[in-house]
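Here's a quick tour for anyone opening this one up for the first time. Have a look around, and then we'll walk through a few spots together.

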Amino acid sequence: MSATHDSTIPSTPLAAGVPADALLARLAERFQAVRDPLDRWDLTVLVAREQMRDCLRFLRDEPDLRFDMLLDVSGVDYLAFPGHRGARFAVQYPLKSTAFRHRIRVKVMVDENDCTVPSVHDLWKIADWSERETWDQYGIVFAGHPNLKRLLNHHEFSGHPLRKDYPCQKRQKLSVNDPMDDQLEARLVARGYTVVERGDRDLGTGAITHSAAVTPGATP
Amino acid sequence: MKVLTPEGEHAHLMTVNLGPAHPATHGTLRIAAALDGETIAGAACEMGYLHRGFEKMVEQGTYQMVLPFTDRLNYCSAMINNIAFCKAVEKMFAVEVPERCIVLRVILMELSRIIDHLVCVCTNLVDLGALTNFWYFFNVREEVYIVWEKLCGARLTNTVTRIGGMYRDAYPGFEDDVARVLTRIEAAVAEVRGLIEKNKIFMDRTKDICVVSAEQAVSYGWTGPCLRASGVDRDMRKDEPYYGYETYQFDTVVGTTGDTYDRIMIRIYEMLESVSICRQALGRLKPGPVNTSDARLSLPSRQQVYHDMEALINNFKLIYEGVRPPAGECYDAVEAANGELGFLITSDGGTNPYRIKVRPPCFTQYAALSEMLEGELVADFAASLGSINIIAGELDR
């Protein structure tokens with residue numbers, strides 16, 4: 001039996017975390033972070049886009065912080081927010097630690113005309129999908145993401161549904177399934193395979209047989 | 001497709017779709033897999049087949065109108081979603097719900113955790129061909145649903161809580177019914193444990209299959225039973241206790257290998273811990289109000305509405321406009337059956353939520369599936385998918 005269920009083994013309690021004020025002071029000194037004006041209940045820090053990756057890496061790697069878990073990547077569109085000034089979008093990164101009892105949210109404001117944020121898919125594996133979702137819903141580009149494609153909405157969808165100017169009742173239909181060859185080939189390449197020739201999709205439930213654009217004898 | 005393997009040999013991979021309508025996906029999920037014989041050489045996962053635009057819908061109505069939508073996230077344990085959402089909004093109001101409400105919520109959450117694990121484990125075993133366990137577990141699950149019916153009239157989508165309390169107090173005899181169901185659950189768990197724990201076929205199919213290391217699990221943001229199966233001893237009920245969980249005696253169950261076997265067995269043991277928490281909570285259930293007296297959240301009594309002008313206005317405002325949390329952004333989470341279920345709520349001070357982001361626990365688990373499956377046999381796909389307990393409702397929202 002490998003799952004242990006022995007009540008004599010005490011569970012290891014989380015160590016006390018760094019207090020919010022001290023954490024904020026450190027981030028303010030190092031990354032010019034400020035407390036988010038909308039923050040009333042948790043600790044949320046606003047950092048500039050240029051410093052965001054460094055800040056997140058610092059939070060993850062610092063031995064007494066160890067925010068090793070990225071819980072989510074979440075976008076917000078402040079277009080209709082009363083009294084809001086400045087950049088239209090924000091991206092939030094809620095973090096928690098598996099070693100200390102503390103949490104933090106890092107927030108970056110993103111301007112509509114330069115809707116780009118650096119990707120953190122190399123810092124946390126989950127960021128790959130979470131960033132795809134945020135791109136899908138808000139149209140925020142994550143620079144450096146290996147394959148920024150839609151996640152929740154289908155691949156023929158146009159627009160970004162969670163933007164405040166996207167009409168709630170608008171529907172978009174899908175005609176042909178996404179063959180997902182790009183993702184599959186990327187997985188194979190990552191594992192050391194070289195794709196020599198693409199073929200038609202073999203039998204499978206829900207499969208759409210499609211004629212893939214095959215370059216004859218193509219070797220990447 | 002023709003490929004060169006990492007060893008430099010020519011090979012022909014067969015690409016197949018596992019899903020979206022596959023009996024073992026228990027929902028609509030699609031995995032495009034490239035097979036090298038019986039081995040999965042590469043897998044790409046797709047989601048979104050059950051995407052109903054939860055996060056867009058909830059912006060259109062009041063906070064109270066969000067509650068029935070939360071039922072449709074993880075529909076195997078709808079009450080946990082109800083409670084998690086109400087708890088997040090109550091945090092924004094800085095309102096403490098009454099003691100009886102807290103204890104009731106603990107009982108409902110732990111029973112919901114049990115039925116969620118029951119479904120997860122027994123359908124997982126069906127995928128492996130062990131049908132008998134399904135009947136043992138679905139029988140007791142049905143008994144819990146009968147309690148739900150008596151409690152709120154609904155079985156699957158309960159909407160049992162309200163912001164600031166409960167839909168209604170427990171019915172007379174609720175404690176006896178729960179105590180009886182707990183005994184039945186223990187018996188069912190014991191039977192299934194006896195059938196699978198040392199079962200050679202089961203162990204051959206699950207031991208050392210689709211192993212996820214602690215580092216991988218943390219990097220993928222795993223929480224809940226799947227994280228604990230990988231040996232990371234983290235449980236929000238212990239680490240950041242809410243609703244007095246620190247005062248209950250229970251153990252966190254932790255695995256050592258992070259394989260399919262651990263992920264299934266952890267749920268079996270966790271059910272017994274939840275039974276113990278439920279019993280302790282039943283002993284603490286004292287008579288009292290279940291709704292807060294805070295007029296910003298709770299409706300006044302009928303008697304007051306008929307005889308008092310202020311109460312009438314309050315009733316009208318709460319029904320027609322809804323609650324108004326202060327402007328700001330708030331994250332709150334609970335340890336749901338599958339892991340950390342969080343709500344990140346942006347309020348503009350109005351009656352409609354400006355933005356609600358759900359942090360569904362199984363999103364992170366599904367994101368790791370590609371990596372889990374690669375290098376494994378295609379026959380193990382169903383068992384490992386079942387062991388991470390993907391609920392499409394909360395995955396796709």
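Let's start with Glu38(B): apart from its neighbours within four places in sequence, it is in contact with Leu377(B), Val378(B) and Ala379(B). Keep in mind as you read that this is a predicted model. Glu38(B) sits in the loop that links E4 to strand E5 (39–46) of chain B. Is Glu38(B) buried or exposed? It's exposed, because there are 10 other C-beta atoms within 10 Å, and 12 or fewer counts as exposed. Met14(B) is 24 residues away from Glu38(B) along the chain, and the C-alpha atoms of the two are separated by 9.9 Å.

On the other side of E4 there's another loop residue to look at. Gly19(B) is in the loop between strand E3 (14–18) and strand E4 (30–36) of chain B. Gly19(B) has 23 other C-beta atoms within 10 Å, so it is buried. Its C-alpha atom and that of Ala32(B) are separated by 8.2 Å, with the two residues 13 apart along the chain.

Now for some backbone angles. Most residues other than glycine have a negative phi, so here are residues of chain B where phi is positive.

| Residue | Phi | Where |
|---|---|---|
| Thr159(B) | near 45 degrees | loop between helix H5 (132–152) and strand E6 (161–162) |
| Arg397(B) | near 55 degrees | segment after helix H17 (392–396) |
| Gly322(B) | about 100 degrees | just after H13(B) |

Neither Thr159(B) nor Arg397(B) is a glycine. Their surroundings are worth a look too: Thr159(B) counts as partly exposed, with 19 C-beta neighbours inside 10 Å, while Arg397(B) counts as buried, with 24 C-beta neighbours inside 10 Å.

Gly322(B) comes just after H13(B), so let's check that helix. Helix H13 (residues 309–320) of chain B has 12 residues, which at 1.5 Å a residue should span 16 Å, and its end C-alpha atoms are indeed 16 Å apart. H13(B) is hardly covered, with one buried residue among its 12.

Next, how do helices pack in chain B? Two packed helices are described by the angle between their axes and the distance between the axes.

Take helix H6 (residues 174–196) and helix H11 (residues 260–284) of chain B: their axes are 10 Å apart and the packing angle is about 160 degrees. That angle makes H6(B) roughly antiparallel to H11(B). The crossing of the pair is left-handed. Among the residues making this contact are Val178(B), Leu182(B) and Arg193(B) from H6(B), along with Met271(B), Val275(B) and Arg279(B) from H11(B). The contact of H6(B) with H11(B) has 11 nonpolar residues, four charged ones and no polar ones.

A second pair is helix H3 (residues 78–93) and helix H4 (residues 99–127) of chain B, whose axes come within 8 Å and cross at roughly 140 degrees. This makes H3(B) oblique to H4(B). H3(B) passes H4(B) in a left-handed crossing. Which residues of H3(B) and H4(B) meet? From H3(B) come Met79(B), Ile80(B) and Ile83(B), and from H4(B) come Arg105(B), Leu108(B), Met109(B) and Ser112(B). Five residues of this contact of H3(B) with H4(B) are nonpolar, one is polar and one is charged.

Finally, a glance at chain A. Chain A has four helices and 11 strands. Of its 220 residues, 37% are buried. Among chain A contacts between residues at least 6 apart in sequence, 50% join residues at least 24 apart.

Notes
Residues are numbered from 1 along each chain as its sequence is written. Chains are lettered from A and ligands numbered from 1 in the order in which they are written. This is a predicted model: local features need pLDDT of at least 70, side-chain atom pairs count only at pLDDT 80 or more; totals for chains, interfaces and linings use all residues. Axes are lines fitted to C-alpha atoms, for helices over the stretch in contact, and angles run from 0 to 180 degrees between N-to-C directions. Helices (H or I, at least four residues) and strands (E, at least two) are DSSP runs, numbered from the N terminus. Angles under 35 degrees count as roughly parallel, over 145 as roughly antiparallel, 65 to 115 as roughly perpendicular and the rest as oblique. A crossing is left-handed if the near helix is turned anticlockwise from the far one by less than a right angle, and right-handed if clockwise. Two residues are in contact if their C-beta atoms, placed from the backbone, lie within 7 Å. Ala, Val, Leu, Ile, Met, Phe, Trp, Tyr, Cys and Pro count as nonpolar, Asp, Glu, Lys and Arg as charged, and the others, Gly among them, as polar. A residue is buried if 20 or more other C-beta atoms lie within 10 Å of its own, exposed if 12 or fewer, and partly exposed in between; C-beta atoms are placed from the backbone. The expected span of a helix is 1.5 Å times one less than its number of residues.
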